[in-house]
Amino acid sequence: EESDGKGPEELQKGDRISASHIDWPVEEMLSRSQVMKQLVDDLLHVMQEHLSESFMPVLQPPIGVGSTFEGWSPYEPADSIYHLLVPLKPPTGHDFHLQWVKRGPMPARDSRIRVEIKCSCKLQNMICFLHYSRKQLKKMKQVPSILDRLCTGSYLDVEKLAEWFQRLAKEAWVALPQADCLEMKVLSCSQRSCLMKLKGASKGTFLIEILFGVQQGDSDIFLSSETAGDTNTPSTLWTKSYLVAEVKYFSHMARQVPQGNFHLKCLHLCTSVLEGTDFTPYIFKTAVMHLLNTKPLSGWCRQECIMRLADILRYLHCCLQQEKLDDFFCGNAAMPQEIVLPPDFHTSQPDNLLQHLVQSPDAHAEALRQFEEI
């Protein structure tokens with residue numbers, strides 16, 4: 001309708017030129033992501049060797065999460081933070097039990113993780129915390145347990161865990177071959193994760209953030225140390241996280257869409273122009289996931305790149321007008337089978353990511369104004 005007399009061939013040619021000129025350093029970003037993951041793999045291996053005879057959390061292999069591991073990012077590779085989630089398993093003779101906590105009118109997203117002792121008398125050469133008295137344990141000079149060091153009451157404490165992990169990471173780093181060419185510093189600004197700054201002689205500076213998570217059953221949903229920016233979250237509260245499920249979803253879609261992954265290019269472009277607005281990359285990411293699940297996958301290609309960008313903006317504009325953007329995983333019947341969700345997710349009422357606009361007409365008006373700028 002706004003072609004100014006151009007024919008279909010000219011429009012398609014212009015579309016291809018526009019798409020090809022979108023700056024998208026995906027290969028460099030993915031390559032760096034794998035290097036960062038291998039480095040954290042090596043670090044955790046050394047740490048776990050130190051913990052092999054302790055009663056501290058069992059550190060599982062790290063899972064790369066977030067935009068850098070999904071194949072897109074609103075930032076340049078040099079400015080990106082590489083996020084990895086380290087799943088935690090209870091030490092021998094202990095169990096983790098989730099206790100959901102509801103805060104406000106929204107569905108429960110937070111949980112306490114209760115650490116309980118279980119009998120390990122039948123395990124060979126294993127101390128049983130349940131049936132040994134504290135006097136016996138002290139006499140045997142055993143290493144303090146997870147309950148003694150990392151819990152408040154009987155609940156796993158995120159801040160105590162992060163402090164313990166940071167200290168252990170510093171000690172383990174010196175044993176890595178990479179320590180000869182990379183300087184590693186643990187930044188003290190994070191109380192719920194381990195933020196590491198790596199500096200090489202010629203390869204610049206990199207940031208890695210290690211998050212901690214406890215798996216919900218056998219699903220791809222974790223209780224994570226990450227929060228949604230709420231600085232008042234108590235240290236014994238862990239937040240429901242879709243980070244692992246989202247990585248698996250994007251990996252699944254990368255095998256389904258036409259060659260080129262232009263859905264990621266669209267997402268990169270949309271999220272790279274949000275500076276100065278209140279919109280988060282996650283809002284656009286959620287919109288793209290919904291569209292991937294409803295639009296024909298053949299349309300996510302070079303020839304239709306600009307049309308898909310228009311679809312994303314049109315979809316978000318509709319959501320803003322209705323003040324409603326559903327969380328992607330809850331209540332979604334069209335989820336790929338390889339994404340493992342807890343049974344109640346299929347019937348759960350999804351969170352509204354734009355709930356704050358419902359509660360504030362001024363915020364709603366400002367969001368519409370900023371959207372017009374975007």
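**Exercise 1.** In this predicted model, find which residues of helix H7 meet which residues of helix H9, then sort the contact residues by character.

*Solution.*
- Step 1. Start on the H7 side: Glu246, Tyr249, Phe250 and Met253 take part in the contact.
- Step 2. Turn to H9: the partners there are Tyr282, Lys285, Met289, Leu292 and Asn293.
- Step 3. Sort the residues of this contact: six are nonpolar, one is polar and two are charged.

**Exercise 2.** Describe how the axes of H7 and H9 are placed.

*Solution.*
- Step 1. Locate the helices: H7 spans residues 243-254, and H9 spans residues 281-294.
- Step 2. Take the distance: the two axes come within 12 Å.
- Step 3. Take the angle: the axes cross at roughly 45 degrees. H7 is therefore oblique to H9.
- Step 4. Add the hand: H7 passes H9 in a left-handed crossing.

**Exercise 3.** Work out which residues touch the most other members of the largest nonpolar core, and which element gives the largest share.

*Solution.*
- Step 1. Take the core: it holds 46 residues.
- Step 2. Pick out Leu88, Leu156 and Phe165, which touch the most other members.
- Step 3. List elements that give two or more residues, including helix H2 (26-50), strand E3 (81-89), helix H6 (158-173) and strand E10 (205-215).
- Step 4. Find the largest share: H6 supplies nine residues.
- Step 5. Look around Leu88. Leaving out residues up to four places away in sequence, Leu88 touches Pro57, Phe96, Leu156, Leu161, Phe212 and Trp238, among others.
- Step 6. Look beyond this core: apart from it lies another, of 41 residues, with Met253, Leu320, Leu354 and Phe371 among them.

Key:
Residues are numbered from 1 along each chain as its sequence is written. This is a predicted model: local features need pLDDT of at least 70, side-chain atom pairs count only at pLDDT 80 or more; totals for chains, interfaces and linings use all residues. Side-chain values use heavy atoms; hydrogens and water are left out. Axes are lines fitted to C-alpha atoms, for helices over the stretch in contact, and angles run from 0 to 180 degrees between N-to-C directions. Helices (H or I, at least four residues) and strands (E, at least two) are DSSP runs, numbered from the N terminus. Angles under 35 degrees count as roughly parallel, over 145 as roughly antiparallel, 65 to 115 as roughly perpendicular and the rest as oblique. A crossing is left-handed if the near helix is turned anticlockwise from the far one by less than a right angle, and right-handed if clockwise. Contact means heavy atoms within 4.5 Å. Ala, Val, Leu, Ile, Met, Phe, Trp, Tyr, Cys and Pro count as nonpolar, Asp, Glu, Lys and Arg as charged, and the others, Gly among them, as polar. A nonpolar core is a set of buried Ala, Val, Leu, Ile, Met, Phe, Trp, Tyr and Cys residues joined through side-chain atoms within 4.5 Å. Buried means under 20% relative accessible area, exposed over 50%, partly exposed in between (1.4 Å probe, protein chains only).
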